[in-house]
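I opened this notebook to keep track of what I looked up, entry by entry. The aim is to let someone new to the structure follow along.

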Amino acid sequence: MASSAGPEIERLIGLLAKLPGLGPRSARRAALALLKRRDQLLNPLADALAEAAARVKTCQVCGSLDTQDPCAICADPQRDPGLICVVEEVGALWAMERAGAFKGRYHVLGGLLSALDGVGPDALRVGPLVSRAGDGAVREVVLALPATVDGQTTAHYLADRLAPAGVEVTMLARGVPVGGELDWLDDGTIAQAMRARRPA
């Protein structure tokens with residue numbers, strides 16, 4: 001099928017289609033919106049992308065993204081250095097920060113163990129986590145990993161690896177979400193909530 005746009009536009013559409021949540025049709029609509037509003041959208045977006053590419057770096061301590069290294073969270077003296085929250089990716093760290101419920105520091109694994117995808121411990125930032133947990137300042141490691149098979153496999157593996165450090169290893173509670181109705185929940189969530197029940 002012949003292309004209906006020039007190579008520059010097709011390249012823009014192709015790159016947009018690689019973003020999570022955007023397929024070819026959504027990428028075409030996004031590209032068209034950007035091109036129609038160059039001054040308001042396309043040019044500022046191009047500037048923001050160039051600045052992010054030049055300035056954003058990976059924190060050598062926790063693996064987060066920031067314009068400074070160590071990142072603002074690792075450098076914050078108000079954060080509790082005795083608490084480390086382990087997350088799969090930076091997006092999960094941002095979600096934890098939005099909730100505002102955790103005042104310690106983080107460790108981004110960079111993925112989850114997955115035999116099907118060929119992801120082993122060497123592909124993740126497990127070694128640096130074990131080193132951080134064993135430095136004497138850390139008293140608890142919170143595993144904030146997804147409630148999936150890969151997430152649970154990773155959590156069990158990390159608990160075994162962290163055992164020699166002598167730190168408390170905890171996991172996020174699972175169960176009924178705030179505002180959740182029981183008849184809308186899946187069986188696994190209800191079962192987990194029942195197992196994790198606590199005194200009223």
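**Entry 1, salt bridges.** Before looking up any charged pair I fixed the term: a salt bridge is a side-chain nitrogen of Lys or Arg within 4 Å of a carboxyl oxygen of Asp or Glu. I also noted that what I am reading is a predicted model. With that cut-off I looked up arginine 139, and I found that arginine 139 forms a salt bridge with aspartate 80, the closest N and O atoms being 2.5 Å apart. Arginine 139 sits in the loop between helix H6 (126–133) and strand E5 (140–143), while aspartate 80 sits in the loop between helix H4 (72–75) and strand E3 (83–87), so this pair ties together parts that are 59 residues apart in sequence. I then checked how open to the surroundings the two partners are: arginine 139 counts as partly exposed at 49% relative accessibility, and aspartate 80 is also partly exposed, with a relative accessible area of 23%.

How many salt bridges does a search of the whole structure find? I wrote down 4 salt bridges for the whole structure, and I followed up two others besides the one above.

In one of them, glutamate 51 and arginine 55 bring their side chains together in a salt bridge, at 3.4 Å from N to O. I noted that both residues lie in helix H3 (residues 38–55), 4 residues apart, which is about one turn of the helix. For glutamate 51 I read a relative accessibility of 45%, partly exposed, and for arginine 55 I read 45%, again partly exposed.

**Entry 2, helices H1 and H2.** I next looked up how helix H1 (residues 7–16) lies against helix H2 (residues 24–36), and I read a packing angle of about 125°, with the axes 8 Å apart. That angle makes H1 oblique to H2, and I recorded the crossing of H1 past H2 as right-handed. On the H1 side the contact involves Ile9, Glu10, Leu12, Ile13 and Leu16, which meet Pro24, Ala27, Arg28, Ala30, Ala31, Leu34 and Leu35 in H2. Sorting the residues of this contact, I got 10 nonpolar, no polar and 2 charged.

The next salt bridge I looked up belongs in this entry: arginine 28 pairs with glutamate 10, and their closest N and O atoms are 3.4 Å apart. Arginine 28 is in helix H2 and glutamate 10 in helix H1, so the pair ties together parts 18 residues apart in sequence. I noted arginine 28 as partly exposed, with a relative accessible area of 39%, and glutamate 10 as partly exposed at 24%.

**Entry 3, helices H2 and H3.** How do H2 and H3 pack, and at what angle? I read about 110° between them, with their axes 6 Å apart, which makes H2 roughly perpendicular to H3. The contact that I listed has Ala33, Leu34, Leu35 and Lys36 in H2 meeting Arg38, Leu41, Leu42 and Leu45 in H3. Its residues divide into 6 nonpolar, no polar and 2 charged.

**Entry 4, a cis peptide bond.** I kept a general point in mind here, namely that most peptide bonds are trans. The bond that joins aspartate 69 and proline 70 is cis, with omega at about 5°. I placed proline 70 in the loop between strand E2 (65–66) and H4.

**Entry 5, single residues.** Is serine 64 buried or exposed? I found serine 64 in the loop between strand E1 (57–58) and E2, and at 4% relative accessibility serine 64 counts as buried. Leaving out neighbours within four places in sequence, I listed the contacts of serine 64 as Lys57, Thr58, Cys59, Cys71, Val90, Leu93 and Val108.

Glycine 118, in the loop between strand E4 (105–108) and H6, is exposed, with a relative accessible area of 64%.

Last, I looked up arginine 105, which is found in strand E4. Not counting residues up to four places away in sequence, arginine 105 touches residues that include Arg79, Asp80 and Arg132. I also noted that the C-alpha atoms of arginine 105 and valine 86 are 8.9 Å apart, with their positions 19 residues apart along the chain.

Conventions:
Residues are numbered from 1 along each chain as its sequence is written. This is a predicted model: local features need pLDDT of at least 70, side-chain atom pairs count only at pLDDT 80 or more; totals for chains, interfaces and linings use all residues. Side-chain values use heavy atoms; hydrogens and water are left out. Axes are lines fitted to C-alpha atoms, for helices over the stretch in contact, and angles run from 0 to 180 degrees between N-to-C directions. Angles under 35 degrees count as roughly parallel, over 145 as roughly antiparallel, 65 to 115 as roughly perpendicular and the rest as oblique. A crossing is left-handed if the near helix is turned anticlockwise from the far one by less than a right angle, and right-handed if clockwise. Contact means heavy atoms within 4.5 Å. Ala, Val, Leu, Ile, Met, Phe, Trp, Tyr, Cys and Pro count as nonpolar, Asp, Glu, Lys and Arg as charged, and the others, Gly among them, as polar. Buried means under 20% relative accessible area, exposed over 50%, partly exposed in between (1.4 Å probe, protein chains only).
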